[in-house]
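Please read these comments with the sequence and the model open beside you. They are set out as numbered points.

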Amino acid sequence: MKLARHGTGPEIFESLQGEGLSMGVPSVFVRLSLCNLHCTWCDTAYTWNWTNTQYRHVNDTPDAPRKYRREEEIIELDCESVAELILKFRARNLIFTGGEPLLQGRELARLAAHLLRLDPACRFEVETNGTLRPPPALDAHIAQYNVSPKLSNSGNSPTEREKPDAIAFFARCERAWFKFVVANAADLEEVRTLQNRYDIPQSRILLMPEGTSPDELREKSRWLAPLCLQHGYRFGDRLHVHLYGSKRGV
Ligand code: SF4
């Protein structure tokens, strides 16, 4: 299994879930490496933005694109070793995040089954960009999907970011909650288009302000909160940004 490297080990840490339906729940985060998209504002670009690729990122400067050396950013471990690291923590709400964790769906299915054998109290959430369907062996173990489809503000082309089969799967799945990162009022129109196209229930949509600092979040929340009220969407904050800023591994 390919995980994001943090220091000498994999990026596995305990924190409060920062976003979505279970915001505030003590959780263990398992950050997998690799992604099939390339969002310009991605805050985990060390999982995909490799040297010698053409992707643009907001952290680029005119002379120096901010790139990462793949061999330095990935740590490969078997599922038994990953499980051992996870179970050292107290929380049993376990969050598979990335990157795009469903690129390694089969490995995650093995990990989830192994963890449940060791401790049946484990509960699993998957954070996904909604472009890949989970394999059935993994789906059987997942209590909650936090699906974050990307909009045009991400810099991905429509065919890259919108995979009808995958979005339709999550729209039908009652364990899937959609969280959209909204940077401006025009983004709301894109949300409504996707919602109508895939018949996503309004009650399973959260809108979150875009921002990597508490000030930015507060400023955008001022106009997003009334829009949520007006259109009947749940408002979602980003607790981890308020608590820790854009620090990694917390
Ligand atoms: S889908 Fe997520 S991990 Fe992948 S590039 Fe976009 S924000 Fe980053």
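The points below take up the ligand shell, the cavity and one helix pair.

1. This is a predicted model, in which local features need pLDDT of at least 70 and side-chain atom pairs count only at pLDDT 80 or more, while totals for chains, interfaces and linings use all residues. Residues are numbered from 1 along each chain as its sequence is written, and side-chain values use heavy atoms, with hydrogens and water left out.

2. The residues around the ligand (those with a heavy atom within 4 Å of it) are Cys35, Leu37, His38, Cys39, Trp41, Cys42, Thr44, Trp48, Gly99, Asn129 and Lys150. Sorted by class, this shell holds six nonpolar, four polar and one charged residues, where Cys and Trp count as nonpolar and Gly as polar.

3. One cavity of 30 Å³ or more turns up in a search of the whole structure (a set of points on a 1 Å grid where a 1.4 Å probe fits but cannot get out). The largest cavity has a volume of about 30 Å³, taken as the space filled by probe spheres set on the points. Its lining, meaning residues with an atom within 4 Å of a point, consists of Trp41, Ser148, Pro149, Lys150, Leu151, Asn153 and Val181.

4. Helix 7 (residues 185-198) packs against helix 8 (residues 214-231) at an angle of about 35 degrees, and their axes, lines fitted to C-alpha atoms over the stretch in contact, are 11 Å apart. Ala185, Leu188 and Arg192 of helix 7 meet Trp223, Leu227 and His231 of helix 8 in this contact (heavy atoms within 4.5 Å).

Terms used. On a 1 Å grid over the protein atoms alone, a cavity is a set of points where a 1.4 Å probe fits but cannot get out, and a pocket is an open set with protein on both sides within 12 Å along at least five of seven lines; lining residues have an atom within 4 Å of a point. Axes are lines fitted to C-alpha atoms, for helices over the stretch in contact, and angles run from 0 to 180 degrees between N-to-C directions. Helices (H or I, at least four residues) and strands (E, at least two) are DSSP runs, numbered from the N terminus.
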